[in-house]
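Q: Got a minute to go through this one with me? I'd like to start with the charges, then move on to the fold.
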Amino acid sequence: QVQLVESGGGLVQPGGSLRLSCAVSGSIFRIYAMGWYRQAPGKQRELVATITSAGSTDYADSVKGQFTISRDNARNTVYLQMNSLKPEDTAVYYCNAEIRRSWGTNLYDYWGQGTQVTVSS
């Protein structure tokens with residue numbers, strides 16, 4: 001069984017910073033792309049940032065220059081450093097990973113349970 005466990009969310013004032021972490025555990029052959037998504041109340045889930053296993057990154061226009069995604073392949077962990085947070089960044093943040101559980105099997109998407117980020121004074 002594969003699990004993605006997020007941590008690091010919470011309440012922060014506008015202009016503050018948070019660092020989210022997502023650790024993958026379980027029986028895994030290889031992790032490919034990893035990413036962060038978010039869903040604000042009443043809105044659809046949206047892509048925030050992705051990172052390939054080689055370290056190439058991509059960001060939503062709304063967070064470019066504000067958020068940084070990184071990963072530690074040895075720890076099967078992806079991070080999201082969020083700076084200069086704004087109230088509109090308030091959402092539940094979900095991590096995602098493309099995982100092959102054993103050699104020759106299919107690639108599947110796995111999701112974490114989500115962590116709440118609230119930006120408010």
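A: Sure. Before the charges, a word on counting: Lys and Arg count as positive and Asp and Glu as negative, while His and the chain ends are not counted. Keep in mind that this is a predicted model.

Q: Fine. How many positive and negative side chains does the protein have, then?
A: There are 11 positive and 9 negative ones. The centres of the two sets lie 5 Å apart.

Q: And the surface, how much area does the protein expose?
A: About 6,600 Å², with carbon and sulfur atoms supplying 45% of that.

Q: What share of the residues is buried?
A: 40% of the 121 residues count as buried.

Q: OK, fold now. How many helices and strands are there?
A: Zero helices and eleven strands. Read from the N terminus, the order is β-β-β-β-β-β-β-β-β-β-β.

Q: What radius of gyration does the protein have, and what would a compact globule have?
A: The protein has 14 Å. A compact globule with 121 residues would come out near 14 Å, so the two agree. As for the C-alpha trace, its span along the principal axes is about 50 × 25 × 25 Å.

Q: What about contacts between residues 24 or more positions apart?
A: Those make up 56% of the contacts with a separation of 6 or more.

Q: Let's zoom in on a strand. Which side chains of β7 are buried?
A: Strand β7 covers residues 67–72, and its side chains alternate. Phe67, Ile69 and Arg71 point to one face and are buried. Thr68, Ser70 and Asp72 point to the other face and are not buried.

Q: Huh, an Arg in the buried set. Which strand is β7 joined to, and parallel or antiparallel?
A: β7 is joined to β8, residues 77–82, by six bridges, and the two run antiparallel. Across that pairing, Ser70 of β7 stands opposite Tyr79 in β8.

Q: How many residues are there between the strands in that hairpin?
A: Four. Asn76 sits in this loop between β7 and β8, and its phi is near 50°, a positive value in a residue other than glycine.

Q: Is Asn76 buried or exposed?
A: Neither: partly exposed, because its relative accessible area is 28% and that class runs between 20% and 50%.

Q: Moving along, what's the phi of Ser84?
A: About 50°, so to speak on the positive side, although Ser84 is not a glycine. Ser84 lies in the loop between β8 and β9, the latter being residues 91–100. With 46% relative accessibility, Ser84 also counts as partly exposed.

Notes. Residues are numbered from 1 along each chain as its sequence is written. This is a predicted model: local features need pLDDT of at least 70, side-chain atom pairs count only at pLDDT 80 or more; totals for chains, interfaces and linings use all residues. Side-chain values use heavy atoms; hydrogens and water are left out. The radius of gyration is taken over C-alpha atoms; the globule rule is 2.2 Å times the number of residues to the power 0.38. Buried means under 20% relative accessible area, exposed over 50%, partly exposed in between (1.4 Å probe, protein chains only). Contact means heavy atoms within 4.5 Å. Accessible areas come from the Shrake-Rupley method with a 1.4 Å probe; for residues, only the protein chains shown count as cover. The place of a charge is taken as NZ of Lys, CZ of Arg, CG of Asp or CD of Glu. Two strands pair if DSSP finds at least two bridges between them.
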